[in-house]
Amino acid sequence: LTAEGGDELVLASLVRDRVLVFRVTTAFAHRQADVVEYRVMQADGRPLPTWLDRVGPELLVGQRPASVEAIDLRVTAVYGDGRTITRTVTIQTSTGEIQNLEQRRSDNAPAMFSDDLRRQSESGSQDSNELYRAFGGR
C-alpha cells in the first residue's frame, strides 16, 4: 500500500496480481463531506485508459496490461464552495508507488503549457477558465 498526501488530498494505491486499486480521499474527515466530486483523468487531459475503471466516487480498479509500467494521473477534488485541489501523480503499476509528477521534473525544465493553463484557470480568472475549457479542460 502506498499513500501520498498533501493539499488535503490523500491518494492510495495497492497492486496485487497486476490489479491496481487506486483510492482518493481527503486528509480530514470533516472535509470529506464537503467534496462534491473527485475527477480523475490522465495527466495530459485524456480520459482514463480502458483498463482502468471507476467503481465508485473515490475508487478506481483495473488489471494493467503487462506493457504498462506507469500511469500519470491528474486528480481533482471539487468542493461544494467551488474550490478545487488538483494533484498530478505517477503511479508505478507494478508496485503501486505514487510519485508527485511535479517533483519528478527537473527544476530547469519548463512547465507544460497544459499545467500552466490549468493553474491559471484555478486562480479564478474568467478568461483563463474559458481558455482552459476551450482546450478540453473541465
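**Exercise 1. Identify the salt-bridge partner of R39 and state how accessible the two residues are.**

Solution. R39 pairs with E37, their closest N and O atoms lying 3.2 Å apart, which satisfies the criterion of a side-chain nitrogen of Lys or Arg within 4 Å of a carboxyl oxygen of Asp or Glu. For accessibility, buried means under 20% relative accessible area, exposed over 50%, and partly exposed in between, with a 1.4 Å probe and protein chains only. R39 has 26% relative accessibility and therefore counts as partly exposed, and E37, at 35%, is partly exposed as well. The structure holds four salt bridges, among them the one between R46 and D44 at 2.8 Å, N to O.

The model is predicted, so that local features need pLDDT of at least 70 and side-chain atom pairs count only at pLDDT 80 or more, while totals for chains, interfaces and linings use all residues. Residues are numbered from 1 along each chain as its sequence is written, and side-chain values use heavy atoms, with hydrogens and water left out.

**Exercise 2. Determine what surrounds R64, and whether this residue is buried or exposed.**

Solution. Begin with the location: R64 lies in the loop between β6 (59-63) and β7, where strands are DSSP runs (E, at least two residues) numbered from the N terminus. R64 is buried yet has no salt bridge, the nearest side chain of opposite charge being that of E69, 7.5 Å away; here Lys and Arg count as positive and Asp and Glu as negative, whereas His and the chain ends are not counted. Next, the side chain of R64 reaches the backbone oxygen of V68 at 3.2 Å. Finally, leaving aside neighbours within four places in sequence, R64 is in contact (heavy atoms within 4.5 Å) with R18, W51, T93 and S94.

**Exercise 3. Describe how β8 is placed between its partner strands and in the structure.**

Solution. Strands pair if DSSP finds at least two bridges between them. β7 and β8 run antiparallel and are joined by nine bridges, with A77 standing opposite I85 in β8. Four residues separate the strands of this hairpin, and G82 takes a positive phi near 95°. β8 also pairs with β9 (residues 98-100), in the antiparallel sense over three bridges, and I91 has I98 as its bridge partner in β9. The hairpin of β8 and β9 has five residues between the strands, with G96 in the turn at a positive phi of about 85°. Because seven of its nine residues are buried, β8 is largely enclosed by the rest of the structure.

Terms used: A polar contact is a pair of N or O atoms within 3.5 Å; within protein, one must be able to donate a hydrogen and the other to accept it, and residues adjacent in sequence count only if both atoms are side-chain atoms.
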